[in-house]
Protein chains: 2
Amino acid sequence: MVADAHALAPFVGKLKLTSTISAKSETAILALPHTRRVVRQGNVFIAEGRGASTCCFIVSGFACRQKLLAHGSRQILNLYFRGDGVDLQSALLPWADHTVLALTDLDAAFVPVQAIRELIKDHPEVGEAMWREALLDASIQREWTVNVGRRDGRARIAHFLCELHYRQQQVGLGDSRTIELPISQEQIGDCTALTAVHVNRMLSSLRSDGVLQARRGTCSITDWDRLRMIAGFDTAYLYPPLAA
Amino acid sequence: MVADAHALAPFVGKLKLTSTISAKSETAILALPHTRRVVRQGNVFIAEGRGASTCCFIVSGFACRQKLLAHGSRQILNLYFRGDGVDLQSALLPWADHTVLALTDLDAAFVPVQAIRELIKDHPEVGEAMWREALLDASIQREWTVNVGRRDGRARIAHFLCELHYRQQQVGLGDSRTIELPISQEQIGDCTALTAVHVNRMLSSLRSDGVLQARRGTCSITDWDRLRMIAGFDTAYLYPPLAA
DNA sequence: CGACAACTTGACGGGCGTCAACCGGAGTGG
DNA sequence: CCACTCCGGTTGACGCCCGTCAAGTTGTCG
C-alpha cells in the first residue's frame, strides 16, 4: 500500500469526483487538525447509541457500518475504504444509530468534529460537497435496500460485487478486473442478508459459470458483461462524474 | 383535513423537531416562492434518471420513493407525508436515482430548486437543518435495509407499523393508537419486500393475536407493547427530540 | 345490480436457512 | 520438520418461510 503524503488527500480526491473543490477549499481541508493512527481489525470506533467527538477518514483498509438485532443476527449496511469519510454525520447528529467497525487493520485520520463544523462554516463549498457525499451514501443505502429486498441470492451477490468494483475503481483500488475483498463469506452474507453457506453456494455457482474467480482477499471477474447482467447493475445511483 | 394557512408551515414544524430554527430563518423559509397544487394519486412527480427543477413539500396525503427492477418487481424505499420535504436532494444531485409518486391525492407546495439553493446560501442555519433532515432520512433507510434483510415477515410488518406510527405522531397525524394507512396490502408488501398474500397472512396473524385491527385506510393498535416487542422497535434511529 | 379492485384463504413448491461433517491453509509449539 | 489447533471454505441432507397460483369473498362505486 502506498504511503500517502497526506492522510486527508484520498478524501479530497473522493470529494472531487462529485463536487468542484477550489484550491482554497482543498487547502482548508488538508489543514484540518487530525491524528493519524492504525485501527486494529475488529475494533469498534463508532458505537451505536453514542455520540462521536471525531470523524474518521480512511486511508487504507476496510470498515463497515452495521446493526445488531436482539436475536443476534447482524446486517452490514455499507462498506468503507480508501477516501471514505465515515460518519461525517456525527457532526450534525447527537448519537449514532449504528456501529462502525474495522474489518481489516485500518490506516485512518481522525478529525475533531468541532474542526469539521468550523470548516463547513468558513467554507460553504466544502459543506455542500460533504452534504452531497452524504446524499450519495444515502443513494447507495437505497440500492442496498432494493438488493436485499428484491433480488435473489445470486443476483444479490453479483450486484454487491459490481458496486464494490465500481467504487474501488473510482479511488484506485483493485484493477480493471479485480476487486479487493478482504472479508469472509460470512461477512459477505451479512452485507447481502444471506447465510455464509448460501453465499458459498452462490459464489460456487458464479464460479462454475465462468463469471468470476475468488481467492483469499481478492475476487477476479472473468466475464463482466455476464456479471452485470446477472446483477441488473446500473451505475446511475453511484452518480458517476460527468467529466470522466 | 385542516387547510393550512401556509403550505410550508408543516415543513418548518418538521425541521423544528430536530433543529433550532430562528425566527429569521423561519420567515425566510415561509417566504420561499412556491406553487401549491394537488397531485393526483398515481402521478409520478420525480422520475428516476431525470433531474428536477423543483422540490416538493407535502401538506397532506401520502407519497413514496420507489425503484423498479427489470424483472418487474418494485421496492418502496420510504413513505412521505405531512411535513416531509421530498427530494431536497434534487438541489445537489444532477438526477434522481429513484422515482417518487403519489400514493394518494396530494396537497403539496413546489419550490424552485434555485430558490432553495439561495436560501441555503443566505441562511446557513437552514442549510444545516436540511442537511440534518437528509441524514435522518438516511438513518431511516438503513433501518429499512435491516428490516427487509434481517427480520421475518411478522416482525417486518410490525416494525413498519411502529415506525409509521411514531413518525405520524410527530407531525400530528393519526392519534395515540391509530395509524393512517391509506395504502393497499400489495403496497405494504412493496415496502417490506413481501407479497400481498403474505402481508395478508401476517396481518391476520397480528390481528388474531389481538395486537391490531386494520380497516380501510387506518390501522388501530390494541397492544402497543406487544407490537413493539414483536418488531424489536427502538426509536433511537428516528432521533426523537431531546426536549420532548 | 354489475364491475372491479382489494382482501382472504388454501394448496403446493422452491429458495434459502439450519445442521453437520469434512477439507485446507496459516499459525504455533515442540 | 512435524503434530496440533483454529478459522474459514465446501458440500450434502433436510425443513421452513414465503412465493405462486387459484378460487372465492367483500366492499365500493357507477
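**Exercises: a protein pair and DNA strand D**

In this predicted model, a side-chain N or O atom of A:Gln185 sits 2.9 Å from a phosphate oxygen of DNA strand D. Let's work outward from there.

**Exercise 1.** Work out which parts of the protein surround DNA strand D, and which part of the strand they meet.

*Solution.* Start with the residues: 16 of them surround the strand, and A:Gln185, A:Asn200, B:Gly153, B:Thr195 and B:His198 are the closest. Next, look at individual atoms. A:Asn200 places a polar side-chain atom 2.8 Å from a phosphate oxygen of DNA strand D. B:Arg201 goes for a base instead, with a side-chain N or O atom 3.3 Å from a base oxygen. Now find the elements: α7 (196-208) of chain A and α7 (196-208) of chain B each give two or more residues to this surface. The largest share, five residues, is from α7(A). Then sort by class, which gives four nonpolar, seven polar and five charged residues. Finally, turn to the strand: 68% of its atoms within 4 Å of the protein are sugar or phosphate, and the rest belong to bases.

**Exercise 2.** Describe how chain A and chain B meet.

*Solution.* Count first: each chain puts 46 residues into the contact. Then take the area, about 4,100 Å² buried between the two, with 66% of it on carbon and sulfur atoms. On the chain A side, A:Trp131, A:Arg142 and A:Arg150 lose the most area, together 21% of what that side buries. For charge pairs, tally eight salt bridges; one of them joins A:Lys67 to B:Glu143, with the closest N and O atoms 2.5 Å apart. Last, pick the top contributor on the chain A side: α4(A), with 19 residues.

Conventions:
Residues are numbered from 1 along each chain as its sequence is written. Chains are lettered from A and ligands numbered from 1 in the order in which they are written. This is a predicted model: local features need pLDDT of at least 70, side-chain atom pairs count only at pLDDT 80 or more; totals for chains, interfaces and linings use all residues. Side-chain values use heavy atoms; hydrogens and water are left out. Contact means heavy atoms within 4.5 Å. Buried area is the accessible area (1.4 Å probe) that two parts lose on being put together, summed over both. A salt bridge is a side-chain nitrogen of Lys or Arg within 4 Å of a carboxyl oxygen of Asp or Glu. Helices (H or I, at least four residues) and strands (E, at least two) are DSSP runs, numbered from the N terminus. A residue is near a molecule or strand if one of its heavy atoms lies within 4 Å of it. A polar contact is a pair of N or O atoms within 3.5 Å; within protein, one must be able to donate a hydrogen and the other to accept it, and residues adjacent in sequence count only if both atoms are side-chain atoms. Ala, Val, Leu, Ile, Met, Phe, Trp, Tyr, Cys and Pro count as nonpolar, Asp, Glu, Lys and Arg as charged, and the others, Gly among them, as polar.
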